[in-house]
Amino acid sequence: MNSLEIPDKPLPEPKNVVQYRLAKASRYGFIERDGSLKYDFHCHTRNGSLDARVDVLEYARLLKEKGFAGMMVTDHNSYRGYREWLAVREETGGLEDFVVLRGIEYDTLDAGHILVVMPDEVELQVLEVRGLPVRRLTGIVHRCGGILGPAHPYGAKFLSAMCSKRLEREPDLIHEFDFVEAFNTCERPESNRKAAHLAARHGKVCFGGSDSHKVDYIGMAYTEIREPVTCANDLIRLVKEGRIDGCGGTEREPKERTPLWAATIGAGWRIYNRGVAAARCHARKLGLREAGFYG
């Protein structure tokens with residue numbers, strides 16, 4: 001296990017001491033506790049993400065075999081993977097003692113990828129249409145009782161909130177987030193250390209997720225919670241109460257990229273993201289009107 005290193009200087013203590021202990025636990029890595037349960041809160045399925053290779057049922061079975069209590073499906077701008085799970089559960093009864101939660105990894109216009117968890121009874125079509133500005137997204141999610149936080153906040157610049165110009169210009173936006181993904185298997189150790197330190201500095205609870213798109217990385221990251229989570233509403237409540245106990249895992253072997261490659265991909269992604277966002281403007285407006293957010 002690749003635990004997060006303890007910093008030379010102590011982490012600054014937020015006002016909420018309980019939150020500090022939780023953030024510190026995730027910064028120092030996994031701490032075994034009696035009765036603790038492990039969940040992967042960043043999972044991509046081939047049913048809902050074009051770049052993923054694992055069927056949602058296979059994903060759930062593999063995690064259960066590895067001792068996990070559950071997972072959250074966080075496909076890119078889509079709930080198709082979760083809908084497939086509902087169909088499988090209806091047909092087969094699902095998996096005993098294993099929960100699959102509905103989440104989404106949303107592509108914002110200006111702050112990279114944001115993980116969103118909505119109450120079980122709330123369905124918003126607009127969350128399946130990429131391109132909302134991050135401040136608009138936070139307002140919609142919170143008004144409907146949901147929670148959200150940056151995925152891999154210090155990862156690739158064009159995908160990560162804390163590397164975006166929006167957060168650089170408006171650093172107060174960090175206070176709008178309910179949690180921080182402090183451990184991501186697909187990130188480098190330094191990126192995860194920065195993410196965990198960010199959570200500690202601002203008193204945010206920490207999520208851990210594999211961000212796995214293929215079998216190789218399934219089960220390599222987790223969020224630790226002592227209380228069973230049976231639905232999204234449970235998770236939302238526990239996050240708001242600060243009762244997420246820690247996270248950790250193992251980073252995958254880094255893929256070496258040249259600065260030129262990173263710059264080229266980043267520029268191409270920004271053009272693509274803004275182009276798709278513009279093309280889907282009408283669909284976004286329809287979704288906002290349907291939800292009562294657009295006059």
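Let me begin with the term I will lean on: a salt bridge here is a side-chain nitrogen of Lys or Arg within 4 Å of a carboxyl oxygen of Asp or Glu. What we have on the screen is a predicted model, and in this model the count comes to 13 salt bridges.

I will start with Asp110 and Arg166, which form a salt bridge whose closest N and O atoms are 2.9 Å apart. This pair links distant parts of the chain, since Asp110 sits in the loop between strand S4 and strand S5 while Arg166 belongs to helix H5, 56 residues apart. The two partners can be described by their accessibility: Asp110 is buried, with a relative accessible area of 16%, and Arg166 is partly exposed, with a relative accessible area of 24%.

Which residues are joined with Asp110 and Arg166 into one network? Through salt bridges that share partners, Arg135, Glu170 and Asp172 belong to that network along with Asp110 and Arg166.

Next, please look around helix H7. Glu227 forms a salt bridge with Arg243, with the closest N and O atoms 2.3 Å apart. Glu227 lies in the loop between strand S9 and helix H7, and Arg243 in the loop between H7 and strand S10, so this salt bridge ties together parts that are 16 residues apart in sequence. Glu227, at 23% relative accessibility, counts as partly exposed, and Arg243 counts as partly exposed at 37%.

Within helix H7 itself, the side chains of Asp234 and Arg237 meet in a salt bridge at 3.8 Å, N to O. These two residues are three residues apart, about one turn of the helix. Asp234 is buried, with a relative accessible area of 15%, whereas Arg237 is partly exposed, at 31%.

Let me turn now to the aromatic side chains, where the count comes to three aromatic pairs. One of them is Phe41 with Phe207, a tilted pair at 4.9 Å centre to centre, with 50° between the planes. Phe41 lies in strand S1 and Phe207 in strand S8, so the pair ties together parts that are 166 residues apart in sequence.

How is Phe207 arranged with Phe179, stacked or edge-to-face? The pair is stacked, at 4.0 Å centre to centre and with 15° between the planes. Phe179 lies in strand S7, so its pairing with Phe207 in strand S8 ties together parts that are 28 residues apart in sequence. Both Phe179 and Phe207 are buried, and Phe41 is buried as well. With Tyr39, these three residues form one aromatic cluster.

Finally, Lys38 lies over the face of Phe68, at 5.1 Å from the ring centre, and the charged end of Lys38 also sits over the ring of Tyr222, 5.3 Å from its centre.

How values were computed:
Residues numbered from 1 in each chain as written. Predicted model: local features only at pLDDT ≥ 70, side-chain atom pairs only at ≥ 80, totals over all residues. Heavy atoms only, no water. Helix = DSSP H or I, 4+ residues; strand = E, 2+ residues; numbered from the N terminus. Buried < 20%, exposed > 50% of the residue type's maximum accessible area, 1.4 Å probe, protein only. Phe/Tyr/Trp six-rings, centres within 6.5 Å; stacked < 30°, edge-to-face > 60°. Lys NZ or Arg CZ within 6 Å of the ring centre and 35° of its normal.
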